[in-house]
Amino acid sequence: MSDNSAIRVERFEPELIDGVPAAATLDFLRAVSRGFHESQLDADDLGVLAGLEISDNTVFTAVYDEAAVQPSLHADAPVATYAAFPGTLNIGGGNLMPVHQITSVTVSPTHRRRGLLRRMITPDLERARESGAVFAALTASEATIYGRFGFGRATQRARFKLKTDQGVPLRGRAEGSVVAVAPAELKKYAPAIFAAAHARTLGSISATRFDVGQAAGEWADYDSLKPVPNLRAALHLDAQGKPDGFMSYLFSGWKVEPPTMEIGQMCTVGGAARRELIAYLGAHDLVEKITGRGPVDDVLPTALENARAYKATALGDHLWLRILDLETALTARTYAGDGRIVLRIRDSLGMAEGTWELAVEDSAASVRRAPEGVEPAAGLDVRDLGSLYLGGFSAAHLAGAGVLEVHDPGAVRILDSLFATATVPYCQADF
Ligand SMILES: CC(C)(COP(=O)(O)OP(=O)(O)OC[C@H]1O[C@@H](n2cnc3c(N)ncnc32)[C@H](O)[C@@H]1OP(=O)(O)O)[C@@H](O)C(=O)NCCC(=O)NCCS
């Protein structure tokens with residue numbers, strides 16, 4: 001095995017030449033699917049995927065090993081991949097902030113644990129911060145990878161199953177109506193619904209062209225970019241007839257017991273659309289179970305006559321947040337009340353390192369470096385500030401977990417009176 005002396009790092013934008021991915025783009029996309037143990041993509045899939053990356057304004061970072069020779073794949077292909085694209089994050093109060101989204105992180109088994117991830121992510125986060133991104137975000141394949149780079153668990157997501165053999169009777173009155181539509185119709189309606197849901201959902205991230213196409217059945221997932229022939233879809237219309245939610249779903253097949261509908265993409269602007277779309281799905285004859293994903297404080301169990309028909313089958317971290325620009329992040333946030341606190345933040349990458357004073361007065365926040373000699377009331381790593389920031393984890397929770405150091409006995413109460421949020425943050429986007 002070679003050492004790192006022949007390692008070359010390149011950043012480039014994906015490229016299609018006459019509809020065909022350029023060689024470096026092709027090698028990059030193939031390396032990513034190898035890294036995630038996915039099936040090999042054919043030429044059509046690779047073309048579609050390259051087009052999606054281009055429409056997201058993704059920038060690739062590829063690492064090559066100049067010492068690799070034939071027949072090693074790495075004679076041409078990268079030994080490590082990393083990609084990032086811009087989006088927005090809802091930080092509450094209807095405020096959408098620029099976020100640097102990281103994806104496609106893979107390192108070949110021949111080159112793992114030699115610092116290649118560190119070599120890709122550290123300068124990329126620096127660059128993102130310099131170009132004005134306030135946050136970086138990702139979803140993690142393993143919970144042990146990104147904390148060291150300042151990412152903390154910020155939102156969680158539940159998987160659920162719902163028994164529907166008796167239908168899905170709801171306790172409240174029906175609001176609006178549900179219409180069955182061809183999945184392709186969602187190309188027209190999903191973008192506005194995604195945008196409206198993003199605007200009012202704390203913790204949500206802007207949807208991409210991939211999300212819209214997946215909802216509309218243009219492709220199944222990143223490992224199959226072919227149309228999905230057995231996808232079905234429905235739209236919810238509010239009382240004024242305006243679309244405010246959609247769902248696409250698949251029948252699991254007659255070999256699955258009990259017969260099940262799997263929800264693919266679902267996005268709703270409010271609880272009524274979520275309840276009514278689920279009730280519609282539960283009204284399908286021959287189906288006894290629905291599976292899907294949703295927020296940890298899903299309205300469904302409360303909405304149902306039979307709350308126990310709903311069962312969360314998994315609960316896990318979803319969005320990992322990294323605060324790149326602490327002053328902007330803390331100043332832009334809305335707070336539950338007024339108050340003042342001095343915090344010591346540790347950041348191994350240095351970006352948020354220091355002792356900071358946060359003051360909220362008449363709902364307006366100001367942040368500055370604490371004057372010399374002022375002692376912090378509490379201390380935490382920037383990754384844990386990422387967990388506190390969107391309201392997904394309280395200061396009391398972080399202190400109980402031993403990751404918030406409390407120097408002043410009132411610190412937890414002050415932090416929670418500031419950072420508490422009216423809703424639990426939820427990000428449905430996968431990236
Ligand atoms: C996760 C992955 C990208 C790590 O790449 P890598 O080049 O081996 O990581 P590095 O050598 O740069 O490691 C950087 C640090 O993270 C640690 N680390 C890396 N991967 C880790 C893991 N899976 N679990 C625990 N620690 C990990 C290293 O020990 C090292 O620690 P240190 O610098 O503090 O001593 C690589 O293992 C991989 O491709 N995994 C499969 C695909 C995947 O899961 N990608 C992530 C998608 S979100």
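**Two sheets, three domains and a shared core**

In this predicted model, strand β8 pairs with strand β16 (residues 320–323) in the antiparallel sense, over two bridges. Within this pairing, Arg153 stands opposite Trp320 of β16. Both strands belong to an open sheet of seven, which can be read across in the order β1-β4-β5-β6-β7-β16-β8, with mixed pairing. At the edges stand β1 (7–12) and β8 (152–153); each has a single partner strand, so one side of each is left without a neighbour in the sheet. Helix α9 (residues 382–389) lies across β8 and β16, and its direction makes about 115° with that of β16.

A second open sheet is built from five strands in the order β19-β18-β17-β20-β21, again with mixed pairing. Its edges are formed by β19 (364–369) and β21 (404–406), and because each of these has a single partner strand, one side of each lacks a neighbour in the sheet. From one strand to the next, the twist averages 25°. Strand β20 (residues 378–381) and β21 run antiparallel and are joined by three bridges, with Gly379 standing opposite Glu405 in β21. Helix α9 appears here too: it lies across β17 (339–346), β20 and β21, at about 100° to β20. Helix α11 (residues 411–419) also packs on this sheet, touching β17, β18 (354–361), β20 and β21, and runs at about 105° to β17.

What about the interior? The largest nonpolar core has 116 residues, and those with the most contacts inside it are Phe135, Ala136, Ala137, Phe246, Leu321 and Ile323. Helix α3 (residues 116–130) supplies the largest share of this core, six residues. Ile323 makes a good example to follow in the structure: leaving aside neighbours within four places in sequence, its contacts are Phe135, Ala329, Ala352, Val382, Leu385, Gly386 and Tyr389.

At the level of the whole chain, the protein is divided into domain 1 (4–133), domain 2 (157–316) and domain 3 (324–419). The C-alpha centres of domains 1 and 2 are 31 Å apart, and 18 residues of domain 1 are in contact with 14 residues of domain 2. On the side of domain 1 that touches domain 2, at least two residues come from each of α2 (43–55), β5 (80–90) and β6 (96–107). Helix α2 gives the largest share of that side, five residues. By type, the residues on this side of domain 1 divide into nine polar, six nonpolar and three charged.

Notes:
Residues numbered from 1 in each chain as written. Predicted model: local features only at pLDDT ≥ 70, side-chain atom pairs only at ≥ 80, totals over all residues. Core = buried A, V, L, I, M, F, W, Y, C linked by C-beta atoms within 7 Å. Buried ≥ 20, exposed ≤ 12 C-beta atoms within 10 Å, placed from the backbone. Helix = DSSP H or I, 4+ residues; strand = E, 2+ residues; numbered from the N terminus. Contact = placed C-beta atoms within 7 Å. Pairing = 2+ DSSP bridges. Axes fitted to C-alpha atoms, helices over the stretch in contact; angles between N-to-C directions. Domains from an automatic or database assignment. Nonpolar A, V, L, I, M, F, W, Y, C, P; charged D, E, K, R; others polar.
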